Amino acid sequence: MDQELLRVSGLTRYYGSRVGCRDVSFSLWPGEVLAIVGESGSGKSTLLSLLSGRLAPTAGDVSYRDRDGRWLSLPNLSEADRRRLQRTDLGVVHQNPRDGLRMRVSAGGNIGERLMALGHRHYGRLRGTGLDWMERVELDPQRIDDHPSAFSGGMQQRLQIARNLVTEPRLVFMDEPTSGLDVSVQARLLDLLRHLVASLGLAVVLVTHDLAVARILAHRMMVMRGGEVVETGLADQVLDDPCHPYTQLLVSSILQA
Amino acid sequence: MNAPMISIRALAKTFTLHTQGGTRIRAFDGVDLDVAAGECVALHGPSGAGKSSLLRSIYANYRPSSGRVVVRHNGGSVDMTAAEPRAILDVRRKTLGYVSQFLRVIPRVSTLDLVAERLTAMGVEAGEAVARACGLLARLNIPERLWPLAPATFSGGEQQRVNIARGFVRDYPILLLDEPTASLDGENRRTVVNMILEAKGRGAAIVGIFHDDEVREAVADRCLHLTRPEEA
């Protein structure tokens with residue numbers, strides 16, 4: 001327990017001569033939730049893609065400690081090993097559930113897909129797991145055979161979360177998971193995420209532009225601007241005692257309801 | 001003499017407001033304070049003297065500009081001004097309870113869960129955590145019909161008592177109390193005074209801001225006087 005899960009050092013990505021993100025370094029421990037905040041174009045999504053192994057860095061490294069305690073350098077893994085890791089240990093929750101779901105496959109099929117990719121074939125057990133996860137994300141298990149297109153946005157997002165968590169990953173990347181949802185639906189999803197993250201001991205890297213979401217879900221926070229990290233700290237420190245001019249501007253721009 | 005539970009040396013905090021022309025505001029300066037187990041120190045001084053900022057700096061919610069805040073934790077000591085984030089969270093979870101002036105409500109989380117989660121986070125079994133949370137909410141006169149509700153719609157006094165319940169449901173070795181009785185009526189104020197005295201009795205080190213003279217005289221062993229620092 002007392003060792004990092006993820007070590008990131010000097011992580012840099014250029015798009016031609018344009019900076020995606022530059023010289024990002026941090027460590028993440030099991031059970032920790034790190035929020036990356038900043039406005040659009042600040043490099044948050046580039047960083048998330050680099051961290052989850054979906055994009056190759058121009059320089060720097062992302063190392064992940066697997067269940068056997070071995071350190072694996074994500075950019076240097078073979079394609080097959082990286083895919084396997086992405087299915088077993090990592091999860092990605094996209095902002096738009098359509099990017100993370102198979103819309104022409106039933107809800108149960110969506111939940112079972114990662115398990116089947118790992119070689120699970122027993123139909124009854126797959127269905128049982130599907131029903132169990134429908135319930136855990138507060139979806140009506142009777143709708144297990146419905147396609148996601150028949151679900152509301154909030155339900156699709158919960159299905160996407162179930163689809164990711166079914167293989168009990170240790171690290172989940174979330175890209176604006178609540179931002180496309182109505183406020184009341186957002187509150188329900190936040191509550192669900194809070195409980196799942198705590199009960200499963202998940203480590204999470206959460207990209208959001210919503211500082212209130214970051215305060216509720218995150219332990220730590222990293223503020224990005226122009227591809228660089230300008231401030232880090234505990235979430236409540238960064239929000240209550242912001243030091244960098246850009247963070248102060250972000251925090252002072254929050255509307256009070 | 002045992003080592004103090006809290007040891008503060010040369011602590012200073014200056015805010016630089018970049019969005020307002022770089023104005024510098026000195027919150028407090030040169031604070032030295034030791035607090036022993038079983039002792040209660042009241043922060044005293046005019047509005048703007050930095051009392052709440054000092055309390056928040058002990059909790060590492062604010063990041064002091066210089067100086068150190070060493071707390072006893074897990075048989076060792078941790079400097080809250082220099083510790084890693086996860087070390088600070090561990091201190092907050094196990095050692096350092098903080099009752100802020102205002103309750104931060106989380107949508108959909110019930111009053112009972114808000115209080116009980118302080119115990120379950122420490123590994124207390126759910127049933128026992130709920131039982132202890134119920135006992136404390138009852139003692140603080142929160143009507144039972146409110147327990148399953150998120151406290152967003154509660155009155156100021158009710159929210160404050162939920163906050164107090166969160167701070168007292170565990171026996172934190174150190175308690176930081178920011179105006180814990182500000183919006184309470186006489187009966188509830190007496191209950192909270194008794195809870196503070198009981199915490200001292202079991203050996204808690206307490207630093208608090210108590211606006212009410214009667215409350216302060218009842219609970220505090222001594223005062224730390226803060227004055228408004230000169231403009232930076």
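Buried means under 20% relative accessible area and exposed over 50%, with partly exposed in between. Keep that handy for the exercises below, and remember that this is a predicted model.

**Exercise 1. Work out where A:Arg188 and its partner A:Glu138 sit, and whether A:Arg188 is buried, partly exposed or exposed.**

Step 1: start with the pair itself. A:Arg188 and A:Glu138 form a salt bridge, and their closest N and O atoms are 2.8 Å apart.

Step 2: place both ends. A:Arg188 belongs to helix 7 (residues 183-200) of chain A, while A:Glu138 is in the loop between helix 5 (123-136) and helix 6 (153-165); at 50 residues apart, the two link distant parts of the chain.

Step 3: apply the cut-offs. A:Arg188 has a relative accessible area of 29%, so call it partly exposed. A:Glu138 comes out at 30%, so it's partly exposed too.

Step 4: look past the pair. A:Glu138 and A:Arg188 are in a network of salt bridges that also takes in A:Asp191 and B:Arg108.

**Exercise 2. Take the salt bridge between B:Arg216 and B:Asp213. Which element holds the two residues, and how far apart in sequence are they?**

Step 1: check the distance. The N to O gap between these side chains is 2.6 Å.

Step 2: find the element. Both residues are in helix 7 (residues 213-219) of chain B, 3 residues apart, or about one turn of the helix.

Step 3: sort out exposure. B:Arg216 has a relative accessible area of 11%, so it's buried. B:Asp213, at 45%, counts as partly exposed.

**Exercise 3. Now do A:Arg102 and A:Glu113: what do they form, and where do they lie?**

Step 1: the two side chains meet in a salt bridge, 2.6 Å from N to O.

Step 2: A:Arg102 is in the loop between helix 3 (97-100) and helix 4 (107-117) of chain A, with A:Glu113 in helix 4, and the pair, 11 residues apart, links distant parts of the chain.

Step 3: A:Arg102 is at 44% relative accessibility, so it lands in the partly exposed class. A:Glu113 has 25%, which means partly exposed as well.

**Exercise 4. Describe the surroundings of A:Asp66, and say whether A:Asp66 is buried or exposed.**

Step 1: locate it. A:Asp66 lies in the loop between strand 4 (59-65) and strand 5 (71-73) of chain A.

Step 2: its relative accessible area is 6%, so A:Asp66 is buried.

Step 3: list the company. The A:Asp66 side chain reaches the backbone nitrogen of A:Asp68 at 2.9 Å. Leaving out residues up to four places away in sequence, A:Asp66 touches A:Leu72, A:Asp89 and A:Arg170.

Methods:
Residues are numbered from 1 along each chain as its sequence is written. Chains are lettered from A and ligands numbered from 1 in the order in which they are written. This is a predicted model: local features need pLDDT of at least 70, side-chain atom pairs count only at pLDDT 80 or more; totals for chains, interfaces and linings use all residues. Side-chain values use heavy atoms; hydrogens and water are left out. Helices (H or I, at least four residues) and strands (E, at least two) are DSSP runs, numbered from the N terminus. Buried means under 20% relative accessible area, exposed over 50%, partly exposed in between (1.4 Å probe, protein chains only). A polar contact is a pair of N or O atoms within 3.5 Å; within protein, one must be able to donate a hydrogen and the other to accept it, and residues adjacent in sequence count only if both atoms are side-chain atoms. Contact means heavy atoms within 4.5 Å. A salt bridge is a side-chain nitrogen of Lys or Arg within 4 Å of a carboxyl oxygen of Asp or Glu.
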